[in-house]
Amino acid sequence: MRFSRALAVAILALCPLAAVAQAAPAPKVPQKPVQKPAPPQGVAQTPPIHPNNKNLLSGTPPMGWNSWNFFAGRVTDQDIRNAADQLVATGMKDAGYIYVNIDDTWEGDRDADGVLHSNSKFPDMKALADYVHSKGLKFGIYSSPGPQTCARFAASLDHEVQDAQLYAAWGVDYLKYDLCSFHSVVMAAQAPNDKAAQMRLMIAAYDKMNRALKATGRPIVYSLCQYGWDAVWEWGPSVGANLWRTTGDIQPNWQSIYSILNEQAGLAKYAGPGHWNDPDMLEVGNGQHVGTGDRARFVELTLAENRTHFSMWAMLAAPLLAGNDLPNMKPEILAILTNRDVIAIDQDRLGREATRAYSDGELDVWTRPLSGGAMAIAVINAGSDRYSTHPFHLSLAKLGLHGPLQGKDLWTGKEITLTDNMPIELASHDILLVRIPAPK
Ligand code: GLA
């Protein structure tokens, strides 16, 4: 059975025990996520690069799987083990998907010493981490700088050092740190009328956990999640971030994916080896319930939309964190997620993100410089079907290029020759993704 995140949250709200009905002690029940306030206006602070900020990643964007986009608050220990098993069995691990990340709703209560325990959905975190590691994979976890996570589970405020030590003891390799209640409980409460002071509090909170992680001595990828507030790309590296969310939450529909994509234009200069813009996790293979009553139906992303989403996240040098139901993945979705040529774009050693070269009506053209002088060109049809009767025309001149250019179409796997003003037929929301070895 397929679930959308909205449905999962609705189920949790209506039937809280469904997600956590296991052994005592009863964990905190997932509730409606904390409503996020509107982003404040930019009051960018640019603190100096922290001297302890050594990039933990070898240089390329992290790849793996995260529980939130499919399971949301229903995720259990068994789901994480299944995901690890499937990454191996499907060949995704061999394609580069290494991190297995539990998102929100694993947390239980703190004991008298302030030590955080997992809830009954996750009976033994150390054993789970060991299981993931035994598969040759890495283990990720989630918390917030506030007192509660977005799903209102216990978070790290005033326990940063203790939590970081706990993660290290469990064998955590990756932390997603999500602003959530820190905004209302600390920022808005301590500096109600001073947005700049609020932002300083936020940056300090991210640096506090950065230092706590560093102090463990364990390499832990540090993933900031605060929806892009205060131009995080300008200060993320200074608080040790390996990646930072640039947007609000992605949804499994084209409008969400395309609007996030457009928000990334202009951010290329902030990404580079070891520190990446994060336009949120992949929705490839997902869908959502729409309509009510007789009109209620489940709408999956089309194959074209899945292809374009995956291609463009690769063009953006984004972390490739799959978010689908791995045990029930269709072969065509696996084929998209394991397209080695597209993954190679994402993981290119040069680490330069794509820029939008031009838009022309329903057509968008993005280019990404690659190592060895190569280049990737993406042509997107953001509108309706365009067939031979009314194709697009690709302007190589607008890309500063001269045809003919020999390249590889990364979705057909065939050779392609690009010429100036060549007609391009694309179905709605589909993409032409070409790798050019040596453009002229
Ligand atoms: C926020 C984040 C999501 C997810 C949820 C979990 O909304 O942006 O990616 O982690 O919290 O509650």
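Which side chain has an N or O atom 2.8 Å from an oxygen atom of the ligand? One answer is Asp 104, and we will come back to that residue in a moment.

Hello everyone, and thanks for having me. What you have on screen is a predicted model, where local features need pLDDT of at least 70 and side-chain atom pairs count only at pLDDT 80 or more, while totals for chains, interfaces and linings use all residues. Residues are numbered from 1 along each chain as its sequence is written, and side-chain values use heavy atoms, with hydrogens and water left out.

Let's begin with the ligand. It is surrounded by 14 residues, where being near a molecule means having a heavy atom within 4 Å of it. The closest are Asp 103, Asp 104, Lys 176, Asp 178 and Asp 249. Besides the Asp 104 pair at 2.8 Å, a ligand oxygen sits 2.8 Å from a side-chain N or O atom of Lys 176. For Arg 245, the corresponding distance to a ligand oxygen is 3.1 Å. On its own the ligand would expose 310 Å², and the protein buries 98% of that; these areas come from the Shrake-Rupley method with a 1.4 Å probe.

What classes of residue make up the shell around the ligand? There are 7 nonpolar residues, 7 charged ones and no polar ones. In that count, Ala, Val, Leu, Ile, Met, Phe, Trp, Tyr, Cys and Pro are nonpolar, Asp, Glu, Lys and Arg are charged, and the others, Gly among them, are polar.

Now to the sheets. A quick word on terms: helices (H or I, at least four residues) and strands (E, at least two) are DSSP runs numbered from the N terminus, and two strands pair if DSSP finds at least two bridges between them. In general, strands of a sheet pair through backbone hydrogen bonds, either parallel or antiparallel.

One open sheet here has 8 strands with parallel pairing, in the order β9-β8-β7-β6-β5-β2-β1-β12. At its edges are β9 (276-278) and β12 (320-322), each pairing on one side only. From one strand to the next, the twist averages 25°, an angle between lines fitted to C-alpha atoms that runs from 0 to 180 degrees between N-to-C directions. Inside this sheet, β6 (174-178) and β7 (221-225) run parallel and are joined by 5 bridges. Lys 176, which we just met beside the ligand, has Ser 223 in β7 as its bridge partner.

The other open sheet I want to show you has 6 strands, ordered β13-β14-β15-β20-β17-β18, with antiparallel pairing. Its edge strands are β13 (355-360) and β18, and its twist averages 30° from one strand to the next. Here β14 (363-369) and β15 (375-381) pair over 7 bridges, with Trp 366 facing Ala 378 in β15 as its bridge partner.

There is also an antiparallel pair, β10 (287-290) and β11 (297-300), with 4 bridges. His 289 has Phe 298 as its bridge partner in β11. Between these two strands are 6 residues, and in this hairpin Gly 291 takes a positive phi near 75°.

Next, a few backbone details in the loops. Where is the cis peptide bond? It joins Gly 403 and Pro 404, with omega about -10°, and Pro 404 lies in the loop between β16 (392-394) and β17 (405-409). Two residues other than glycine also deserve a look for their positive phi. Asn 421, with phi near 65°, is in the loop between β18 (415-418) and β19 (422-424). Ala 72, with phi near 45°, is in the loop between α3 (68-71) and α4 (77-89).

Is Ala 72 buried or exposed? Its relative accessible area is 0%, so Ala 72 is buried; the word means under 20%, with exposed over 50% and partly exposed in between, using a 1.4 Å probe and protein chains only. Ile 80 in helix α4 is also buried, at 0%. Its C-alpha atom is 9.0 Å from that of Asn 66, and the two residues are 14 apart along the chain.

Let me finish with Thr 105, in the loop between β2 (99-101) and β3 (107-110). Thr 105 is buried at 1%, and its side chain makes a polar contact with the side chain of Lys 121 at 2.7 Å. By polar contact I mean a pair of N or O atoms within 3.5 Å; within protein, one must be able to donate a hydrogen and the other to accept it, and residues adjacent in sequence count only if both atoms are side-chain atoms.

Thank you for listening!
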